[in-house]
Amino acid sequence: MAEKRYLVIVESPTKAKTIRKFLPSNYIVEASMGHVRDLPQSASDIPAALKKEDWAKLGVNVEENFDPLYIVPKDKKKIITELKAKMKGVDGIYLATDEDREGESISWHLLELLKPKCPVKRMVFHEITKTAIQKALKDTREVDVNLVRAQEARRVLDRLYGYTLSPLIWKKIAYGLSAGRVQSSGLKMIVERERERMRFKKSVYWDLKAQVHPATDKKALFDAKLTSVKGARVAGGKDFDGLTGKLVDASKVVLLDEKKSKELANAIENGEWKVTSVEEKSFNSKPAIPFITSTLQMESNRKLGMSSKDTMRTAQRLYEEGLITYMRTDSPNLSTEAINAARAMVEDLYGKTYLSPEVRQYSAKQKGAQEAHEAIRPAGSEFTHPDKTGLSGRELALYELIWKRTMATQMKDAEKASMTVKIQAGDAEFSSSGTRIIFPGFLRVYVEGTDDPEAALEDKELILPVMKKGDVIKVAKLTNDQHETKPPARFTEASIIQHLEKEGIGRPSTYASIIGTILDRGYVRKEGTALIPSFTGMAVIQLLEKNFENLVAYSFTSGMEDALDKIAVGEKDWIKYLGEFYLGKNGLQKQVEEQDKKIKPEDSRTIHINKDGKDLEIKVGRFGPYVIDKTSGEEVHASIPEEIAPADLNPEDIKELLKMSADGPKPIGKDPKTKENIYCLVGRYGAYLQLGEKTEENQKPKRASLPKGKDPKTISMEEAVLLLSLPRELGLHPETGKPVLANAGRFGPYVMHDGNFRSLKKDDALYEVELPRALELLAEEKGASKRGSSKLLKDFGTLAKLKKKAAIYEGKYGAYIKLGTKNITLPEDKRDPKVIEKMTEAELATIIKEAKKK
């Protein structure tokens, strides 16, 4: 009797490769390469027979129960043909796509397209290990139609929202702009924060800071801060109203200015200082809960500098390689298997003293969380130590983060002791606080990141000398310090995800796409980690708020997510819900038709900013924001550089931009080589230099961006000539024979080769960097500098026998070998720089061979 054959379909080749290892040879594993059907993306995708139908442009037949028009993209037709061929002669099919709504939807679409005649089973798992795969083969089910409908409803909702509102935005603001259901809510949060910064009024206050020590010990210096004068608390930043710049309640605090703070300092500096109280108490810190999708994205952004999109892409690879559990989850629950694995590893690595006395289990706080899912953790019943994964770069950094967080959950609390000392000096009272760690507990492996650098200091010890009430204190230094209140901080990727989650907007699988979409559309830009809205983004939100307020209300968007959750469990009819949203009495279709007649394009393209009592009128056009001046009788237009954030724009900036535009280009000098004029101009992307004039013969004169922070008014001829000399050709790359260049761009100086870019480090000089240093930088893994880049110690080139590139780097945990894309730990006796310098290719090959045996 012939052996039965089965076809297993997953989404990606990596996932297929990992699963194959755990299945018998009679199981054929193939990849669908993601989604196999979708709504049409352009008019060319619409079948010829439907091109005349008005609804076909929308991709959804709203008159026929919101029937979606699904098409197979050109690049997927071959894959479907191949899957149909593989399907012939098999005894059964297993659909093994991801366990979330999106994965369920892919399985359903595969069924619809392949139309198999053999039995079909749906297998789901949250990790790719031998145990999990074998269990999933036994515990199969049918495709969950409710989950499919919820995903389909989400897709249709997003299409109706975007394709109905976007044409209106094109007409009223600028062509090519668009609106998205959840993206608009995320953008609104960022815009609202920028508006808060616009309205903010700065306040100034002073205080005293003393460096003191006990009279009996001059070396035991510590800092003490003024807290009250004559019993009244000294005003700090939190006591001011950000909208008025005034104290919220002046009767409760004493406000010091420069004069009063100096007078107070002079009055008390040489007087008697005594300890009035010493308060000591012990407390415990508990580890953070295991990762869910949102917290992984937040922590990865804070600690590793990775965007939410990069985090999810990297986590997907780790999951598909069988190293972590499924990365789209809203439950922090840990299985018994995971808890046992973590506790065994804690005991093995750190000893029983670091193991929490009781098993720690966690449950979700947010509504809608699915407890059947599990937290993001290392896969399997025995966790793989980061050093033994063979990973490198981002994959290693993210896996290590997940591993540490999971380990910490089963470790003892950190035991700390705090000490607060109050010191009286005349009418003034000073205070100082210290913390010491009695037992590190989970801090031995993991300290949670933070968006607030000041808060991060809480995890560092600050030990005060032993003191008691009545002790005399001596002053080593006393200063009066000026402080300014700060506007609300702009969102980072981490904090916007936190805010979206708090408001119930989006789900684990959508946070990365929300941020990615508003960045890609130019509605928001990144400066460092801060998310800053563009004037175009502000104009889109302004139009939506004024004319479709309910559609961008957080409660409305959150309510939609709740409705989709109900559809997913069969508690809500998806067609009825879509009907109410789009065709109802106050449905989207009717709202857009009515508002289209009322909205004036000129109003939609104008943003008013009140700055220091002056109304600034900003226009938004196809080529970015600009201002208009009509005072001279003629209209003068001036572009506002994108690098100027809306809240940072002031009347002086606008005056300067209009003056430069009115005066026209004036040469700052002549290039010594070409004798052509050099101009310093300001455009959409900021200030730049231009060599010569734009003419019919010279349509693209040479240009160079000014370095960030460089004032166009102060640029010298010497600097201009240097900048226009870029890019510098440093020589040819030894492996490709192609040129290696050094240049400066919007994000700073860099070297490049064959489309490969690397930023220069702080110690590298743009006009002095040579080919060897450029090759060293290009050899580094991209993005490594954010995590503390690995230093190249020795490059062996391509090894003849292995046909792979090999090099030795100095990393965070010591020297290691990089063989192709794999990292191999270098034995301790081989880590000495002198040994590495003398190491031959044969010796390196032996080390690699031995490492593979382990």
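## Close-up views of a predicted model

**View 1. Ile-609 and Leu-616 face each other across a strand pair.** Ile-609 sits opposite Leu-616, a residue of strand 18. Everything you see here comes from a predicted model. The two strands in this view are strand 17 (residues 606-611) and strand 18 (residues 614-621), and six bridges tie them together. They run antiparallel. To get from strand 17 to strand 18, the chain makes a hairpin with two residues in between. Keep an eye on Asp-612 in that turn: its phi is positive, at about 55°.

**View 2. Strand 18 carries on into another hairpin.** Follow the chain past strand 18 and you come to strand 19 (residues 624-629), joined to strand 18 by three bridges. This pair is antiparallel too. Which residue of strand 19 stands opposite Gly-621? That would be Gly-624. Two residues make the link in the hairpin between strand 18 and strand 19.

**View 3. Four strands line up in an open sheet.** Read across the sheet and the order is 21-22-23-24, with antiparallel pairing. Strand 21 (667-670) and strand 24 (703-705) are the edge strands; each has a single partner, so one side of each has no neighbour in the sheet. The sheet isn't flat-on from strand to strand, either: ignoring direction, neighbouring strands are turned by 25° against each other on average.

**View 4. Here is how strand 24 holds on at its edge of the sheet.** Its link to strand 23 (residues 686-691) consists of three bridges, and the two strands run antiparallel. Want a pair to look for? Leu-689 has Ala-704 of strand 24 as its bridge partner. While you're looking at strands, a handy rule: side chains in a regular strand alternate between the two faces of the sheet.

**View 5. Helix 17 and helix 18 pack against each other.** The axes of helix 17 (residues 554-568) and helix 18 (residues 574-583) come within 10 Å and cross at roughly 160°. Because that angle is over 145°, the two helices count as roughly antiparallel. Which residues make the contact? From helix 17 come Phe-556, Met-560, Ala-563 and Ile-567, while helix 18 brings Trp-574, Tyr-577 and Phe-581. Sorted by class, the contact has seven nonpolar residues, no polar ones and no charged ones. Is the crossing left-handed or right-handed? For helix 17 and helix 18, it is left-handed.

Technical notes:
Residues numbered from 1 in each chain as written. Predicted model: local features only at pLDDT ≥ 70, side-chain atom pairs only at ≥ 80, totals over all residues. Heavy atoms only, no water. Axes fitted to C-alpha atoms, helices over the stretch in contact; angles between N-to-C directions. Parallel < 35°, antiparallel > 145°, perpendicular 65-115°, else oblique. Left-handed = near helix turned anticlockwise from the far one by under 90°. Contact = heavy atoms within 4.5 Å. Nonpolar A, V, L, I, M, F, W, Y, C, P; charged D, E, K, R; others polar. Pairing = 2+ DSSP bridges.
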